[in-house]
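Got your viewer ready? Load the model, switch to cartoon view, and follow along one selection at a time.

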Amino acid sequence: MSGRKSAAEVFDALGERYEDVFGRVPGQLAALQWLTERLPRGARVLDVGSGTGRPTAEALVRAGCAVTGIDVSAAMVELARARVPQARFEQADVRTYAPGSAGFDAVCAFFPLLVMDQPEVAEALDRMASWVAPGGYFVMATVPGDIRGLDIEWMGHEVTVSSLSTEDHLARLADAGLEVLHHHTALFRPGDALAVPEEHLFCYARRP
Ligand SMILES: C[S@@+](CC[C@H](N)C(=O)[O-])C[C@H]1O[C@@H](n2cnc3c(N)ncnc32)[C@H](O)[C@@H]1O
(Lines give C-alpha, C1' and ligand atoms only; values in the text may rest on other atoms or scores of the structure.)
Protein backbone atom coordinates (compact mmCIF):
# COMPACT_ATOMS: atom_id res chain seq x y z
CA MET A 1 0.00 0.00 0.00
CA SER A 2 1.29 3.50 -0.87
CA GLY A 3 2.42 5.72 2.02
CA ARG A 4 1.80 8.83 -0.12
CA LYS A 5 -0.58 11.21 1.53
CA SER A 6 -3.11 13.80 0.44
CA ALA A 7 -2.55 17.45 1.34
CA ALA A 8 -5.31 17.18 3.95
CA GLU A 9 -3.63 14.20 5.62
CA VAL A 10 -0.18 15.83 5.63
CA PHE A 11 -1.37 19.16 7.03
CA ASP A 12 -3.77 17.55 9.53
CA ALA A 13 -0.70 15.76 10.91
CA LEU A 14 1.63 18.79 10.81
CA GLY A 15 -0.70 21.39 12.32
CA GLU A 16 1.17 24.08 14.24
CA ARG A 17 4.50 22.38 13.51
CA TYR A 18 4.21 23.94 10.02
CA GLU A 19 3.99 27.41 11.55
CA ASP A 20 7.01 26.71 13.80
CA VAL A 21 9.17 26.07 10.72
CA PHE A 22 7.58 28.25 8.01
CA GLY A 23 5.70 30.92 9.97
CA ARG A 24 8.18 33.73 9.27
CA VAL A 25 9.33 33.33 5.66
CA PRO A 26 10.83 36.78 4.83
CA GLY A 27 9.45 36.86 1.28
CA GLN A 28 5.95 36.11 2.55
CA LEU A 29 6.11 38.83 5.20
CA ALA A 30 7.29 41.29 2.53
CA ALA A 31 4.44 40.26 0.20
CA LEU A 32 1.93 40.81 3.00
CA GLN A 33 3.33 44.25 3.70
CA TRP A 34 3.14 45.12 -0.01
CA LEU A 35 -0.47 43.95 -0.13
CA THR A 36 -1.73 45.56 3.08
CA GLU A 37 -0.21 48.91 2.03
CA ARG A 38 -2.53 48.83 -0.99
CA LEU A 39 -5.79 47.65 0.56
CA PRO A 40 -8.33 49.97 2.20
CA ARG A 41 -9.84 49.04 5.55
CA GLY A 42 -12.76 46.67 5.01
CA ALA A 43 -11.23 45.13 1.86
CA ARG A 44 -12.53 41.61 1.23
CA VAL A 45 -9.63 39.17 1.05
CA LEU A 46 -9.58 35.43 0.33
CA ASP A 47 -6.61 33.47 1.69
CA VAL A 48 -6.32 30.15 -0.14
CA GLY A 49 -4.61 27.42 1.90
CA SER A 50 -4.87 29.56 5.01
CA GLY A 51 -2.94 27.12 7.23
CA THR A 52 -2.80 28.14 10.89
CA GLY A 53 -3.92 31.70 10.05
CA ARG A 54 -0.43 33.02 10.79
CA PRO A 55 1.11 35.05 9.38
CA THR A 56 -1.36 35.76 6.55
CA ALA A 57 -4.88 36.10 7.98
CA GLU A 58 -3.46 37.65 11.14
CA ALA A 59 -1.63 40.41 9.18
CA LEU A 60 -4.66 41.08 6.98
CA VAL A 61 -7.03 41.35 9.95
CA ARG A 62 -4.56 43.70 11.65
CA ALA A 63 -4.74 45.89 8.52
CA GLY A 64 -8.54 46.04 8.84
CA CYS A 65 -9.42 43.54 6.09
CA ALA A 66 -12.45 41.24 6.09
CA VAL A 67 -10.72 37.89 5.68
CA THR A 68 -12.05 34.53 4.48
CA GLY A 69 -9.60 31.64 4.67
CA ILE A 70 -10.10 28.29 2.99
CA ASP A 71 -8.06 25.18 3.67
CA VAL A 72 -8.49 21.51 2.83
CA SER A 73 -7.16 20.45 6.26
CA ALA A 74 -9.72 20.32 9.07
CA ALA A 75 -6.94 20.59 11.68
CA MET A 76 -5.56 23.75 10.06
CA VAL A 77 -9.03 25.31 9.93
CA GLU A 78 -9.51 24.59 13.63
CA LEU A 79 -6.12 26.12 14.53
CA ALA A 80 -6.78 29.20 12.38
CA ARG A 81 -10.20 29.80 13.95
CA ALA A 82 -8.57 29.77 17.40
CA ARG A 83 -5.63 31.99 16.38
CA VAL A 84 -7.47 34.58 14.27
CA PRO A 85 -11.08 34.70 15.50
CA GLN A 86 -11.76 37.94 13.58
CA ALA A 87 -11.44 36.05 10.27
CA ARG A 88 -13.79 33.43 8.83
CA PHE A 89 -12.32 30.03 7.97
CA GLU A 90 -13.90 27.26 5.94
CA GLN A 91 -12.73 23.74 5.14
CA ALA A 92 -12.69 23.74 1.34
CA ASP A 93 -10.54 22.62 -1.59
CA VAL A 94 -9.37 25.31 -4.04
CA ARG A 95 -10.11 22.85 -6.88
CA THR A 96 -13.85 22.87 -6.12
CA TYR A 97 -14.47 25.97 -3.96
CA ALA A 98 -17.18 28.32 -5.24
CA PRO A 99 -17.04 31.74 -3.57
CA GLY A 100 -20.44 33.20 -2.84
CA SER A 101 -19.54 36.85 -3.39
CA ALA A 102 -19.00 38.75 -6.63
CA GLY A 103 -15.24 38.79 -6.21
CA PHE A 104 -12.51 39.69 -3.73
CA ASP A 105 -10.44 42.85 -3.43
CA ALA A 106 -7.49 40.52 -3.02
CA VAL A 107 -6.74 36.80 -3.20
CA CYS A 108 -3.63 35.35 -1.50
CA ALA A 109 -2.18 31.91 -2.08
CA PHE A 110 0.97 31.16 -0.13
CA PHE A 111 2.15 27.62 -1.01
CA PRO A 112 -1.19 25.73 -1.31
CA LEU A 113 -0.69 24.36 -4.84
CA LEU A 114 2.09 21.80 -4.49
CA VAL A 115 0.34 18.58 -3.45
CA MET A 116 -1.73 18.16 -6.61
CA ASP A 117 -1.01 17.25 -10.22
CA GLN A 118 0.29 19.71 -12.80
CA PRO A 119 -3.00 20.30 -14.70
CA GLU A 120 -4.67 20.95 -11.33
CA VAL A 121 -2.02 23.56 -10.45
CA ALA A 122 -2.70 25.37 -13.73
CA GLU A 123 -6.47 25.16 -13.28
CA ALA A 124 -6.26 26.39 -9.67
CA LEU A 125 -4.33 29.47 -10.87
CA ASP A 126 -7.13 30.21 -13.36
CA ARG A 127 -9.79 29.70 -10.70
CA MET A 128 -8.08 31.98 -8.16
CA ALA A 129 -7.46 34.68 -10.78
CA SER A 130 -11.17 34.61 -11.68
CA TRP A 131 -12.06 35.45 -8.06
CA VAL A 132 -10.13 38.77 -8.14
CA ALA A 133 -12.46 41.75 -8.69
CA PRO A 134 -11.47 44.50 -11.17
CA GLY A 135 -8.81 46.65 -9.54
CA GLY A 136 -8.07 43.86 -7.03
CA TYR A 137 -4.80 42.11 -6.23
CA PHE A 138 -3.49 38.55 -6.40
CA VAL A 139 -0.40 37.62 -4.38
CA MET A 140 1.02 34.12 -4.46
CA ALA A 141 4.05 32.07 -3.53
CA THR A 142 5.14 28.60 -4.51
CA VAL A 143 8.15 26.41 -5.22
CA PRO A 144 8.63 26.88 -8.98
CA GLY A 145 9.74 24.26 -11.51
CA ASP A 146 8.40 22.03 -14.25
CA ILE A 147 7.65 19.33 -11.68
CA ARG A 148 5.24 16.51 -12.59
CA GLY A 149 4.22 14.12 -9.84
CA LEU A 150 7.58 13.98 -8.06
CA ASP A 151 7.67 11.68 -5.02
CA ILE A 152 9.51 13.37 -2.13
CA GLU A 153 9.79 13.23 1.62
CA TRP A 154 8.85 16.60 3.16
CA MET A 155 8.65 17.36 6.86
CA GLY A 156 8.67 13.62 7.59
CA HIS A 157 5.84 12.78 5.16
CA GLU A 158 5.91 11.04 1.78
CA VAL A 159 4.12 13.27 -0.71
CA THR A 160 3.79 13.60 -4.47
CA VAL A 161 4.29 17.17 -5.64
CA SER A 162 3.88 19.13 -8.85
CA SER A 163 4.49 22.69 -9.96
CA LEU A 164 5.00 24.94 -12.98
CA SER A 165 8.09 26.86 -14.04
CA THR A 166 8.32 30.56 -13.19
CA GLU A 167 7.65 31.39 -16.87
CA ASP A 168 4.54 29.18 -16.94
CA HIS A 169 3.20 30.77 -13.74
CA LEU A 170 3.64 34.23 -15.24
CA ALA A 171 2.07 33.24 -18.57
CA ARG A 172 -0.87 31.55 -16.87
CA LEU A 173 -1.63 34.61 -14.71
CA ALA A 174 -1.38 36.90 -17.75
CA ASP A 175 -3.69 34.61 -19.77
CA ALA A 176 -6.15 34.76 -16.86
CA GLY A 177 -6.31 38.55 -17.27
CA LEU A 178 -3.96 39.58 -14.46
CA GLU A 179 -1.13 42.07 -14.82
CA VAL A 180 1.95 40.75 -13.03
CA LEU A 181 3.47 43.81 -11.34
CA HIS A 182 6.42 42.08 -9.72
CA HIS A 183 7.95 38.65 -9.28
CA HIS A 184 11.11 37.32 -7.71
CA THR A 185 12.61 34.11 -6.40
CA ALA A 186 14.36 33.69 -3.07
CA LEU A 187 16.06 30.79 -1.30
CA PHE A 188 14.53 29.99 2.08
CA ARG A 189 16.58 28.01 4.60
CA PRO A 190 14.28 26.56 7.27
CA GLY A 191 15.91 26.25 10.67
CA ASP A 192 14.75 22.66 11.15
CA ALA A 193 16.50 19.35 10.53
CA LEU A 194 13.40 17.88 8.80
CA ALA A 195 13.21 20.64 6.17
CA VAL A 196 15.69 21.42 3.40
CA PRO A 197 16.33 24.80 1.70
CA GLU A 198 13.61 25.68 -0.83
CA GLU A 199 13.49 28.11 -3.74
CA HIS A 200 10.37 30.29 -3.48
CA LEU A 201 8.66 32.22 -6.26
CA PHE A 202 6.62 35.29 -5.25
CA CYS A 203 4.23 36.94 -7.71
CA TYR A 204 2.33 40.19 -7.11
CA ALA A 205 -0.44 40.80 -9.64
CA ARG A 206 -3.48 42.97 -10.23
CA ARG A 207 -6.65 42.73 -12.29
CA PRO A 208 -6.85 45.97 -14.34
C1 LIG B 1 2.43 24.86 2.82
S2 LIG B 1 1.00 25.24 3.74
C3 LIG B 1 0.93 27.02 3.76
C4 LIG B 1 -0.03 27.59 4.77
C5 LIG B 1 -0.17 29.11 4.74
N6 LIG B 1 -0.61 29.57 3.43
C7 LIG B 1 1.14 29.76 5.10
O8 LIG B 1 1.84 30.20 4.19
O9 LIG B 1 1.48 29.78 6.28
C10 LIG B 1 -0.24 24.85 2.54
C11 LIG B 1 -1.65 24.92 3.07
O12 LIG B 1 -2.53 24.76 1.97
C13 LIG B 1 -3.49 23.80 2.28
N14 LIG B 1 -3.90 23.14 1.03
C15 LIG B 1 -3.20 22.23 0.31
N16 LIG B 1 -3.89 21.86 -0.78
C17 LIG B 1 -5.05 22.56 -0.74
C18 LIG B 1 -6.19 22.61 -1.58
N19 LIG B 1 -6.29 21.81 -2.66
N20 LIG B 1 -7.21 23.45 -1.26
C21 LIG B 1 -7.13 24.23 -0.14
N22 LIG B 1 -6.08 24.20 0.70
C23 LIG B 1 -5.05 23.38 0.40
C24 LIG B 1 -2.82 22.86 3.27
O25 LIG B 1 -3.75 22.13 4.05
C26 LIG B 1 -1.97 23.82 4.07
O27 LIG B 1 -2.62 24.33 5.19
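Which residue does arginine 54 form a salt bridge with? Select arginine 54 and glutamate 58 and show their side chains: the two form a salt bridge, with the closest N and O atoms 3.1 Å apart. Keep in mind that this is a predicted model. Color by accessibility and arginine 54 comes out partly exposed, at a relative accessible area of 33%; glutamate 58 is also partly exposed, at 27%.

Next, pick aspartate 93 and arginine 95. Here the salt bridge has its closest N and O atoms 2.8 Å apart. Aspartate 93 has a relative accessibility of 19%, so it counts as buried, the cut-off being under 20%. Arginine 95, on the other hand, is partly exposed at 32%. While side chains are on, add Glu16, Glu19, Arg54, Glu58, Arg62 and Arg83: salt bridges with shared partners tie these residues into one network.

Now for a pair from distant parts of the chain. Select arginine 44 and aspartate 105, whose side chains meet in a salt bridge of 3.0 Å, N to O. Arginine 44 sits in strand β1 and aspartate 105 in strand β4, with their positions 61 residues apart in the chain. Both ends show some surface: arginine 44 is partly exposed at 35%, and aspartate 105 is partly exposed at 23%. A search of the whole structure turns up 13 salt bridges.

Hide those and select residues 118-130, which is helix α6. Try the distance tool on its end C-alpha atoms: they are 19 Å apart, which agrees with the 18 Å that 13 residues should span at 1.5 Å a residue. Then highlight Gln118, Val121, Ala122, Ala124, Leu125, Met128 and Ala129, the buried residues of α6. They cover an arc of only 160° around the axis, so they lie on the same side of the helix. What do they pack against? Bring up β1 (44-48), β4 (104-110), β5 (132-142), β6 (147-154), β7 (157-163) and α7 (166-175), and you have their packing partners.

Finally, zoom out to the whole chain. You should find seven helices and nine strands. The radius of gyration is 16 Å, close to the 17 Å that the globule rule gives for 208 residues, so the chain is as compact as a globular protein of that length. Its C-alpha atoms fill a box of roughly 45 × 35 × 30 Å along the principal axes, and 55% of the 208 residues count as buried. Turn on the surface to end the tour: the accessible area is about 9,500 Å², with 49% belonging to carbon and sulfur atoms.

Conventions:
Residues are numbered from 1 along each chain as its sequence is written. This is a predicted model: local features need pLDDT of at least 70, side-chain atom pairs count only at pLDDT 80 or more; totals for chains, interfaces and linings use all residues. Side-chain values use heavy atoms; hydrogens and water are left out. Helices (H or I, at least four residues) and strands (E, at least two) are DSSP runs, numbered from the N terminus. The expected span of a helix is 1.5 Å times one less than its number of residues. Buried means under 20% relative accessible area, exposed over 50%, partly exposed in between (1.4 Å probe, protein chains only). The arc is that of the directions from the helix axis to the C-beta atoms. Contact means heavy atoms within 4.5 Å. The radius of gyration is taken over C-alpha atoms; the globule rule is 2.2 Å times the number of residues to the power 0.38. Accessible areas come from the Shrake-Rupley method with a 1.4 Å probe; for residues, only the protein chains shown count as cover. A salt bridge is a side-chain nitrogen of Lys or Arg within 4 Å of a carboxyl oxygen of Asp or Glu.
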